Amino acid sequence: MGSTTVDGADIRLPATILGVGLGGFVDGIVLHQVLQWHHMLSSTGSDNVGIRAYPVDTVPGLQMNTLWDGLFHVVTWVAVLTGLALLYSRVTRSRGRLWRSGALWGWALVGWGLFNLVEGIVDHHLLGIHHVHGGPHQTAWDVGFLLLGAALVTLGWTVQRRATVVDTCADRR
C-alpha cells in the first residue's frame, strides 16, 4: 500500500485561500473595527470611480459603510471556510502534523500577502474607495500596506520552500 503525502503543491491552493481569508479578517477586524482607520466606502466621494460619498461621521454614511464592511467579512469568512474545507479534503491522517507544517503556514502567509496586494492595489489605488489611514499621509500608509503584502508573500514563500513533506498516513501501520 502506497503512502499518501501532502507536500507544498498539494496544499498550496487551500492554504493560500485560507491565508487570503485570514488576512482579510485581520484587515477588517483591526483596521475597520478596532482602529477605525477606514471602512469599505470611507473614501467615496473622492474615489476614482464616482461612487457617491458615504461619510463615516453621519448615521446614513456609517450605516452604508457598516453594511459593506459586513459584506467584506462574509467574503473573508467564505474564503476561510473554503480553505479549511479544501485542506480537510486533502488530509486523511496526521492532521496534527499538517497544522505544524511550514508548508501550510508558508502558503497561508503567501495568501495573506496576496490579499494585501490585491486589496491595496484595487481598493486603495485603482478605485480609491478607501485608504489604510486617511489624512495627509494616506499614500504612505497605502504604500506601506503594499510593502507589508510583498513582505508576507516573500516570507511565506521562503517558509514553504524550507518545509518538509507531511506524511498524512504516518499513523497507519
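**Reading the assignments in a predicted helical model**

Modeller: Along the sequence, the protein runs in the pattern β-α-α-α-α-α-β. This is a predicted model, and its secondary structure amounts to 5 helices and 2 strands.

Biologist: How much of the protein is buried, and how much area does it expose?

Modeller: Of the 173 residues, 39% are buried. The exposed area is about 9,500 Å², with carbon and sulfur atoms supplying 66% of it. As for contacts between residues at least 6 apart in sequence, 76% join residues at least 24 apart.

Biologist: Why is Thr44 called buried?

Modeller: The relative accessible area of Thr44 is 8%. The term buried applies under 20%, and therefore Thr44 with its 8% is classed as buried. Thr44 is located in the loop between helix H1 (8-34) and helix H2 (59-90).

Biologist: What does Thr44 touch, beyond residues up to four places away in sequence?

Modeller: Thr44 touches Ile51, Arg52, Ala53, Tyr54 and Ile129. With Arg52 there is also an approach at 3.2 Å, from the side chain of Thr44 to the backbone oxygen of Arg52.

Biologist: How many aromatic pairs are counted?

Modeller: The count is 3 aromatic pairs. One of them is formed by Trp37 and Trp141, 4.6 Å centre to centre with 65° between the planes.

Biologist: What makes the pair of Trp37 and Trp141 edge-to-face?

Modeller: Two values decide the matter, because a pair of aromatic rings is described by the distance of the centres and the angle of the planes. The centres must lie within 6.5 Å, and planes over 60 degrees apart count as edge-to-face. At 4.6 Å and 65°, Trp37 and Trp141 therefore form an edge-to-face pair. This pair links distant parts of the chain: Trp37 belongs to the loop between H1 and H2, Trp141 to helix H5 (residues 138-162), and 104 residues separate them.

Biologist: Why are Trp37 and Trp141 each called partly exposed?

Modeller: Trp37 has a relative accessibility of 26%, and Trp141 has 37%. Partly exposed covers the range between the buried limit of 20% and the exposed limit of 50%, so both Trp37 and Trp141 receive that label.

Biologist: How do you know that Trp107 and Trp157 are edge-to-face?

Modeller: Their ring centres are 5.4 Å apart and their planes stand at 90°, so the pair is edge-to-face. Here too the chain is bridged between distant parts, with Trp107 in helix H4 (residues 102-126) and Trp157 in helix H5, 50 residues apart. Trp107 counts as buried at 7%, whereas Trp157 counts as partly exposed at 44%.

Biologist: What makes Val34 exposed?

Modeller: Val34, in helix H1, has a relative accessible area of 59%. Exposed means over 50%, so the value for Val34 meets the criterion. Val34 also contributes to a nonpolar surface patch of about 380 Å², together with Val26, Ile29, Val30 and Leu35.

Biologist: Why is Ala163 called partly exposed?

Modeller: Its relative accessibility is 25%. Buried would require a value under 20% and exposed a value over 50%, so Ala163 is assigned to the partly exposed class. Ala163 lies in the loop between H5 and strand E2 (166-167). Outside its neighbours within four places in sequence, Ala163 contacts Gly102 and Ala103. Between Ala163 and Leu104, 59 residues apart in sequence, the C-alpha to C-alpha distance is 8.8 Å.

Technical notes
Residues are numbered from 1 along each chain as its sequence is written. This is a predicted model: local features need pLDDT of at least 70, side-chain atom pairs count only at pLDDT 80 or more; totals for chains, interfaces and linings use all residues. Side-chain values use heavy atoms; hydrogens and water are left out. Helices (H or I, at least four residues) and strands (E, at least two) are DSSP runs, numbered from the N terminus. Buried means under 20% relative accessible area, exposed over 50%, partly exposed in between (1.4 Å probe, protein chains only). Contact means heavy atoms within 4.5 Å. Accessible areas come from the Shrake-Rupley method with a 1.4 Å probe; for residues, only the protein chains shown count as cover. A polar contact is a pair of N or O atoms within 3.5 Å; within protein, one must be able to donate a hydrogen and the other to accept it, and residues adjacent in sequence count only if both atoms are side-chain atoms. Rings of Phe, Tyr and Trp (its six-membered ring) pair if their centres lie within 6.5 Å; planes under 30 degrees apart count as stacked, over 60 as edge-to-face and the rest as tilted. Patches are made of residues with over 30% relative accessible area and no salt bridge: like charges are joined within 9 Å, nonpolar side chains (Val, Leu, Ile, Met, Phe, Trp, Tyr) within 5 Å. A salt bridge is a side-chain nitrogen of Lys or Arg within 4 Å of a carboxyl oxygen of Asp or Glu.
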